[in-house]
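Work through the exercises below with the model open beside you. Each task is followed by a stepwise solution.

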Amino acid sequence: MAPGILVNGDSGSHEGGHFPSFSKHDSKRKLNPHEDLNFDRKLKPKSYHIEGTRPDSKVLFLDVNILDSTGADPYHGDVFIQSERITHVGSLPDVADLQKDPQVRVIQGRGCTLMSGLGDAHTHFTRNNGALDKLGDVGVEEHTLMTARSAQCYLDSGYTMCFGAASAKDRLDCVIRDYINAGDIPGPRYLANGKEMAVRNGELAAGITVFADGPLEMREVIRHHVDIGVDQIKLSMSGEEITESRSAQDSYYSDAETAACVDEAHRHGVRLCSHARARDSVKMCVKHSVDVIYQASYIDDEGMDMLKKAKSKHVVAPGINWLWATVYEAAPFGYSFEKAEQVGYMEELQIAIRALKEMHKRGITVLPGGDYGFAWTPHGTYARDLEHFVKLLDFTPMKSIIAATAGVAKLFMQENELGKIAPGFYADCILVNGDPLKDISVLQEHDKLDVMMINARLHKASFREFSKAATRQSLDDRKVTPLTMRSGAPLENLYQVIDLENEVVPAGDTIPLDTVKLLTPISGRDILCVGKNYSAHAKEFNTSGYDSSDRIEQPSHPVIFTKRATSIIGFGDPILPHPDFTQTLDYEGEIGVIIGKSGFAIDGKNAMDHIWGYTIINDVTARERQRDHKQFYLGRSADTFCPMSPIAVPAAQLPTDLTVETRVNGQQRQFGTTDDLIFSVARLVRELSAGSTIQPGDLIATGTPAGVGFGQKAPSFLKPGDTVEISVTGLGTLRNTVAEPSIPNKTFQTVQNAMSSIPFHNLDITCGGFGLTRINSKLINIATLGSGSDPIVYIHGVGGTMEFYRPLIQAAGLLSPSSSYRHILYDLEGHGQNPTSACSEVTISSLVADLHGIVHHPNFALQKAASGITLVAHSLGSLIAVNFALAHPTLIKKLILLGPAPSPLPAPAAKAMHARAAAVRSKGMLGSGVADAVSQAATSPTTQTSRPLAMSLVRASLLSQDPEGYAKCCTALAGTAGTRLEIERLTTRVKTLVVAGADDKVSSPEWAREIGERMGKGSKVQMLEGVGHWHCFEDLDGAGKAVREFL
């Protein structure tokens, strides 16, 4: 609750006398206020039909928590839908047959909440999340697309009913409504409005208003609206403080005008709604029967009494989120809290809250609809209204939901077929992954709206809702089956299976078990362990002399400790005896519980819902360490002290009572069941989550039965060569042998050799580096074309790849069978296919070193070319090429520089490159706008207007770049500021061609000519007309001709 909001108390006063002191309310009313509504049936809107649902469609929701919007408590059951309507709710006698019917789409509810789709009583499809006074300037084409997107956004947000509150253009609401009903665009059921009607000098925004003064002209406007097919008509009767010229407390309609509007509209069977913040506007609405009253902020005692008496004819839709957001959330958009308070929004919010609470108490129908579509009340946030109703207006979550479902259905005058989960009603429903009665805000989380359906057509659903439980795998046939995600993407670990809720599929042939290494299902996390959780074991431990934790046999609370993740080993891996660490090596066979759903402060009755499945654990222990240190951690966390089964099985595939048995060298030592646990699995989940969040993939070792080594008649600790086997119902057997002391510690080796925590960028694109060549310490994508003896090496620029040059080579005719050339193309670090380490510093010097490595790599041995090397370079690549030539002048025969980067780079340009690097690191190539900005700035006007393919190639090249790789080359280029290349030193040995674009704003024609002059008589400058900076894309023939003639 924000500060300064009066939300409690039935009556009172406010300094300045602005709060009305409402008289006592009548507590005798129906459960839901909208049940008192009784609109004249002559005003019933047309019952529109949404096309597209197959008559033979059948959908079955299984295992759902049904919130039916009648006011009854939710209940568990199934829901069956045929064609467009719900036919059965609750217990279905033939549900098993329906599940087998191939014509029935079965949706697995998994206990989630199934409820009616939501409704909004104050909808503006035509708003564009911008300023109201600019809305009328939007072109009709763009506005139509925006409006269609808004309609879809409502449906995406779980809304299936919307009551139009005004359209920014005459017929736009009606057009979108009709296209939704035709099934051509997605959207909710919609009752359309026209432009709002205001008197002259009484409008909120001229561009979206139709004007009328006096009863006669207003009747004409009403008839016009009826002619274009609206379902209701909006009157703009009062002002709005944000205009700063139309006070919200001013009323602009007369009694005669209001009466004329109501008479004309009702005569044509159309209802009216009104923008009515002002006291007098509200009274006129009630006096003359304006059906839907928006805002009603400044209603007074008399108005409240009038509204109560006429409550069967009126709905109030206050748009409370507009007031709230304008006061508390508009500052980032330039409308400060101080400004909102100054013009009166804070006062209006306080007055409105108190008035609306009073309306609710008096049984007046108040429906949600928050006037969305402004910058600080954006589309997609509509369900905030339901939370405001609860937190500000004293609605219960149930009443808020009923108002937004059955209440809006009553506003539609279709209360017998919309707004409820009941037989005969339209199948407009949402499946919510949560309980909105416990947390009403869950309806604002779109990712928690698992299924959305309108008119029995699925608007949103995932594979999860249509799946059956994953099948159990077995190792009995000594084979394993690879699994993938349904998308075909490979699975890497059990964490992904849990996230996918077992939605995995077999992929490929089975693999012999002896050809694979079995890994553990869980790794990388410490294990949550429970000590002394079987009564007999607690007793044997208490009397063993090794228990320093407690003096009583049976603990009153779970004994919790952890084992280090580094102690985990797999099936068959050796257990290290650690002779210098322990002489009392012991085993503990345990059932491991795998968490499948995160949770905090989980109550016992829901705890098992958080279990994914089970595996087997051997909680190996150094007993004297446990005794001497008076705790469990050190003695149980040594390397290899947590053998774990490779098999993990979902809980649904196992019986509720599991047995665990441990054998050492074939002799049974332990036997117990989960029924023997002192603290059940549910209790353990409750205790572990009481103060900290558990997360999917967490593993709980539940404790061990009696029969450990020290519990034998003659204590028998493990020694090298002993084999421990632990078997659990449905999970197979975990087997490990104690190794000889001389065996090396592979855990240490694994940790020492583990991949650095410093990330590599752009490595996934080659699946870890496949196809790349290691040059020094880097992986580089290198391609060779042609087999001649005369090498040409190609170096691209920032935002490019080696692919920039393939068309050039072809266009220059350098790949003919008789060609003497061998072409070597490669990507710069972090560009194209090349990865880059986050800590790798890319500079011109490092890029020159990469080129040096390629030249001297034995696969290429370019330094041995008798004729010398030709370097072809673009933009930044030119700096690399020239620097390499200056360092190794005897190796280079020719230079071809396409749009060479300026040297030195001007300071402003260097600053811009640093800013560009920061932008792409923050928002990527697309989100930062860099790809679009560069493609526009670095191409010629001719290209932009006449070469669409070239523009697409430039943009695609930029968008394909890894942001970190692109940023590094930007900073490498920026680092050349202040450094002037001494290209004159190459004049006696190297012939140079400079290819320039006449419209190049990056590498200007003047700079190209300067290079030509400084390189002397052996150089040539070729100017390409109508070309910017991307020569090979913008004028391939011209660039190819220049290169061919030079070579």
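**Exercise 1.** Find which helices are included in what covers the buried residues of H26, and work out how the buried residues are arranged around the helix axis.

Solution.
Step 1. The cover includes helix H23 (907-927), helix H24 (930-937), helix H25 (941-946), helix H27 (963-974) and helix H29 (1031-1034). Contact here means heavy atoms within 4.5 Å. Helices (H or I, at least four residues) and strands (E, at least two) are DSSP runs, numbered from the N terminus.
Step 2. This is a predicted model: local features need pLDDT of at least 70, side-chain atom pairs count only at pLDDT 80 or more, and totals for chains, interfaces and linings use all residues. Residues are numbered from 1 along each chain as its sequence is written, and side-chain values use heavy atoms, with hydrogens and water left out.
Step 3. H26 spans residues 948-959. Its twelve residues reach 16 Å from first C-alpha to last, close to the 16 Å expected at 1.5 Å a residue (1.5 Å times one less than the number of residues).
Step 4. Ala950, Met951, Val954, Ser957 and Leu958 are the buried residues of H26 (buried is under 20% relative accessible area, exposed over 50%, partly exposed in between; 1.4 Å probe, protein chains only).
Step 5. Seen down the axis, these buried residues of H26 fall within an arc of 130°, so they line one face. The arc is that of the directions from the helix axis to the C-beta atoms. An α-helix has 3.6 residues a turn, so residues three or four places apart point the same way.
Step 6. Pro948 and Leu949 are exposed, on the face of H26 turned away from its buried side.

**Exercise 2.** Is Phe860 buried or exposed, and what does Phe860 contact beyond its neighbours within four places in sequence?

Solution.
Step 1. Phe860 sits in the loop between helix H21 (844-856) and strand S45 (869-874).
Step 2. Its relative accessible area is 9%, so Phe860 is buried.
Step 3. Leaving aside neighbours within four places, Phe860 is in contact with Ile782, Thr784, Arg822 and Ile854.

**Exercise 3.** State where UniProt places the feature "domain: Serine aminopeptidase S33", and give the helix and strand content over those residues.

Solution.
Step 1. The unreviewed UniProt entry puts this feature at residues 792-1034. UniProt positions are given in the numbering used here, feature names are shortened, and annotations may be inferred rather than shown by experiment.
Step 2. Over residues 792-1034 the chain is 43% helix and 16% strand, with the end C-alpha atoms 22 Å apart.
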